[in-house]
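Welcome! Here are a few exercises to work through with the structure in view. Try each task before reading its solution.

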Amino acid sequence: MRTIGIQPAIRPMPDKDAVHQLLLRRWNDDCIIFGGRAYDSRDFQAHGAYDGEGMLLALALWLVRGKVALLGAVDSVVPGAGASSALIAFVRREARAQGATRLRAVTTNDNAAALVYYQKQGFRLDTLFVGSVDAFRGRDNPNFRRVGFNGLPVRDTLELEMEL
Ligand SMILES: CC(C)(COP(=O)(O)OP(=O)(O)OC[C@H]1O[C@@H](n2cnc3c(N)ncnc32)[C@H](O)[C@@H]1OP(=O)(O)O)[C@@H](O)C(=O)NCCC(=O)NCCS
């Protein structure tokens, strides 16, 4: 349900282990593959979007590396409330303030919803890393999820980008 006119409060989530545990509970893993390199949530800074009662609506993982900012994930605990979009707007502002000129996002081949969502947010498709998840499984984590949304095999990562 969308809460019209009420902007969530964006706050840092400094306890990286708590964020890690939250994502493990929600998704079983918090691995993020960017440009063929594997990260987990603790490599990023996390911000949460909260409602007036302090309930977490969504969280974003992001970092700035020189001119490029990476959006590791947005995850909506309460979908459809505009919280993820508020977080992306926040990350855009912060990353620009920290000197980044481009923001990149990543998702896996099975996640068609994220591809639609990110494009609605203003990202453009940029790079397909064919077999990057398969390579990660072979190299680092044989147990990384094999079946994703819509029962599709999880094999590749797709990166999107927007100018800041
Ligand atoms: C994708 C996701 C982050 C969207 O979060 P959300 O909090 O529901 O999004 P918002 O409420 O901010 O939605 C903002 C807009 O995006 C649209 N939107 C949200 N999910 C959408 C989807 N799956 N397909 C198409 N549009 C979508 C909303 O309709 C809304 O559009 P509007 O402003 O024109 O009304 C959420 O579904 C999610 O957490 N998915 C699982 C994790 C994930 O895949 N993350 C992305 C890759 S890391």
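**Exercise 1: A pair of strands**

Task: Find the bridge partner of Leu59 in β6, and work out in which sense β5 and β6 pair.

Solution: Start with the single bridge: in β6, Leu59 is partnered by Asp75. Now step back to the strands, keeping in mind that this is a predicted model. Strand β5 covers residues 56–65 and pairs with β6 in the antiparallel sense, over eight bridges.

**Exercise 2: The whole sheet**

Task: Write down the order of the seven strands in the open sheet, then explain why one side of β1 and of β8 is left without a neighbour in the sheet.

Solution: Reading across, the order is β1-β4-β5-β6-β7-β9-β8, and the pairing is mixed. β1 (9–12) and β8 (124–129) stand at the edges with a single partner strand each, so one side of each has no neighbour in the sheet. On average, neighbouring strands here are turned by 30° against each other, direction ignored.

Next, add a helix: α2 lies across β1, β4 (45–50), β5, β6 and β7 (102–108). Its direction is at about 25° to β5.

**Exercise 3: Around the ligand**

Task: Which element gives the most to the shell around the ligand?

Solution: First list the elements that supply at least two residues each: β6 (68–76), α2 (83–97) and α3 (112–120). Of the elements, α3 gives the most, with five residues. Next look at the residues: 19 surround the ligand, and Ser76, Pro79, Ser84, Ser85 and Ala113 come nearest. Finally, sort the shell by class: ten residues are nonpolar, seven polar and two charged.

Note on methods: Residues are numbered from 1 along each chain as its sequence is written. This is a predicted model: local features need pLDDT of at least 70, side-chain atom pairs count only at pLDDT 80 or more; totals for chains, interfaces and linings use all residues. A residue is near a molecule or strand if its C-beta atom, placed from the backbone, lies within 6 Å of it. Helices (H or I, at least four residues) and strands (E, at least two) are DSSP runs, numbered from the N terminus. Ala, Val, Leu, Ile, Met, Phe, Trp, Tyr, Cys and Pro count as nonpolar, Asp, Glu, Lys and Arg as charged, and the others, Gly among them, as polar. Two strands pair if DSSP finds at least two bridges between them. Axes are lines fitted to C-alpha atoms, for helices over the stretch in contact, and angles run from 0 to 180 degrees between N-to-C directions. Two residues are in contact if their C-beta atoms, placed from the backbone, lie within 7 Å.
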